[in-house]
Amino acid sequence: MGMIMAVSFTRYGRLYYLDPGEHSPKVGDKVLVPTDSGPEVAECVWAPQYSSEDIDGLPVCAGLAGEEQLARDEANKRRRAEARSVAKRLIKRHTLPMKVVGIDYLDEDNVYTVYFSAPHRVDFRALVRDLARNLRARVELRQIGPRDEARLQGGIGPCGRDLCCATFLKDFEPVSVRMAKDQDLPVNPLRIAGACGRLMCCLKYEHPLYVETRYRMPRNGSRVSTPQGDGTVVGHNVPSDTVTVRLDDGGRRCACPSASVCSPRIQHDTMYGKEQGSQHDQA
């Protein structure tokens, strides 16, 4: 068991997990996070707490940020905002079909990295030269896809929560329409697409639960016995772990816990319930 904390470089942005080491920052404190380009300032989102999982290999928090680091971070934010404004103006001047998504700045190397999206490949060689001349720094342009664009911009998903890719999701895994069908979702792009326009990432990491539960629950059309009487299975609710049954008595529908209609539980109660009942009678 070890200690773990979470930080974010932008408000409501992606979470990064750290080993607090000997430090005990509070929520809202500015801390130093070790990166390839040196310590960077981030905000503590989760205070250090014990974790039962294996957390070896996490970066170690470098302590609370001082006045010098905070001033440097504010200056870098102003430079990124200025670079975004300059990039948008020059893109419009060059009439290029591209949109600025995010900008990184390394003050030690004086390098700007401009992330942009475009419907196709763009010849931005003239744009890079103008950007370097206006910003007086070296400039790199990187084209990203729709999913990375949503991750950098952030936003609210169809569920009403912050986007998974912008908060905790680290890697993008392939998502198929079959996963939506297995979860009884309508195969409608407007219903199963995320903010990026692609299939929602949550379909992937929720899919194993639906597969496992469907294998365990009785299929639609199966005859089952419920506490309210015999009937036919007509639906499932995986999140609540219930089965919808149409009762033979009047065609009424009821939602029953899956354990009360699954055969392993019934067989268990039939076998051990009778034994316990006979033992109680003998007593």
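**Exercise 1.** Sort the residues that line the largest pocket into nonpolar, polar and charged.

*Solution.* Step one is the count by class: this lining has 20 nonpolar, 12 polar and 13 charged residues. (Ala, Val, Leu, Ile, Met, Phe, Trp, Tyr, Cys and Pro count as nonpolar, Asp, Glu, Lys and Arg as charged, the others, Gly included, as polar.) Before step two, a word on the model: it is predicted, local features need pLDDT of at least 70 and side-chain atom pairs 80 or more, while totals for chains, interfaces and linings use all residues. Residues are numbered from 1 along each chain as its sequence is written, and side-chain values use heavy atoms, without hydrogens or water.

Step two is the place. The lining has 45 residues in total, and Phe9, Thr10, Tyr16, Asp104 and Leu152 are those nearest the pocket's centre. Step three is the elements: β2 (16-18), β4 (40-51), α1, β5, β6 (111-117), α3 (146-153) and α4 (164-167) each give two or more residues to this lining. (Helices, H or I of at least four residues, and strands, E of at least two, are DSSP runs numbered from the N terminus.) Step four is the volume: the largest pocket holds about 1500 Å³ of space.

(On a 1 Å grid over the protein atoms alone, a pocket is an open set of points where a 1.4 Å probe fits, with protein on both sides within 12 Å along at least five of seven lines; lining residues have an atom within 4 Å of a point. Points join across faces, edges and corners, and the volume is the space filled by probe spheres set on them.)

**Exercise 2.** Now find the second largest pocket: which element gives the most to its lining?

*Solution.* Start at the centre, where Arg161, Asp162, Leu163, Cys164 and Thr167 lie nearest among 31 lining residues. Next, list the elements that give two or more residues: β4, α3, α4 and α7 (202-216). Of the elements, α4 gives the most, with three residues. By class, the lining has 17 nonpolar, six polar and eight charged residues. The space in this second largest pocket is about 670 Å³.

**Exercise 3.** Trace the open sheet of three strands and say which strands stand at its edges.

*Solution.* Read the order first: β5-β6-β7, with mixed pairing. (Two strands pair if DSSP finds at least two bridges between them.) The edge strands are β5 and β7, which each pair on one side only. From one strand to the next, the twist averages 20 degrees. (Axes are lines fitted to C-alpha atoms, and angles run from 0 to 180 degrees between N-to-C directions.)

Then look at one pair. β5 and β6 run antiparallel and are joined by seven bridges; Val100 stands opposite Phe116 of β6. Their hairpin has four residues between the strands, and Asn110 there takes a positive phi near 55 degrees.

**Exercise 4.** Which helix supplies the largest share of the largest nonpolar core?

*Solution.* The core has 22 residues, and Met98, Tyr112, Leu127, Leu131, Leu135, Val139 and Leu141 have the most contacts inside it. (Such a core is a set of buried Ala, Val, Leu, Ile, Met, Phe, Trp, Tyr and Cys residues joined through side-chain atoms within 4.5 Å.) At least two residues each come from α1, β5, β6, α2 (125-135) and β7 (138-143). The largest share, five residues, belongs to α1.

**Exercise 5.** Why is one side of β8 and of β11 left without a neighbour in the sheet?

*Solution.* Four strands form an open antiparallel sheet in the order β8-β9-β10-β11. β8 (223-226) and β11 (253-257) stand at its edges with a single partner strand each, so one side of each has no neighbour in the sheet. Here the twist averages 50 degrees from one strand to the next.

Moving inward, β9 (residues 229-237) and β10 (residues 242-247) share six bridges, and Gly231 has Leu247 of β10 as its bridge partner. β10 and β11 pair over five bridges, among them the one from Arg246 to Arg253 in β11.

Finish with the faces of β11. Cys254 and Cys256 point to one face and are buried, whereas Arg253, Ala255 and Pro257 point to the other and are not. (Buried is under 20% relative accessible area, exposed over 50%, partly exposed in between, with a 1.4 Å probe and protein chains only.)

**Exercise 6.** Thr95 and Asp241: where does each residue lie?

*Solution.* Thr95 is in the loop between α1 (67-94) and β5 (99-106), and its phi is positive, about 50 degrees, although it is not a glycine. Asp241 sits in the loop between β9 and β10 with a positive phi of about 55 degrees. Most residues other than glycine have a negative phi.
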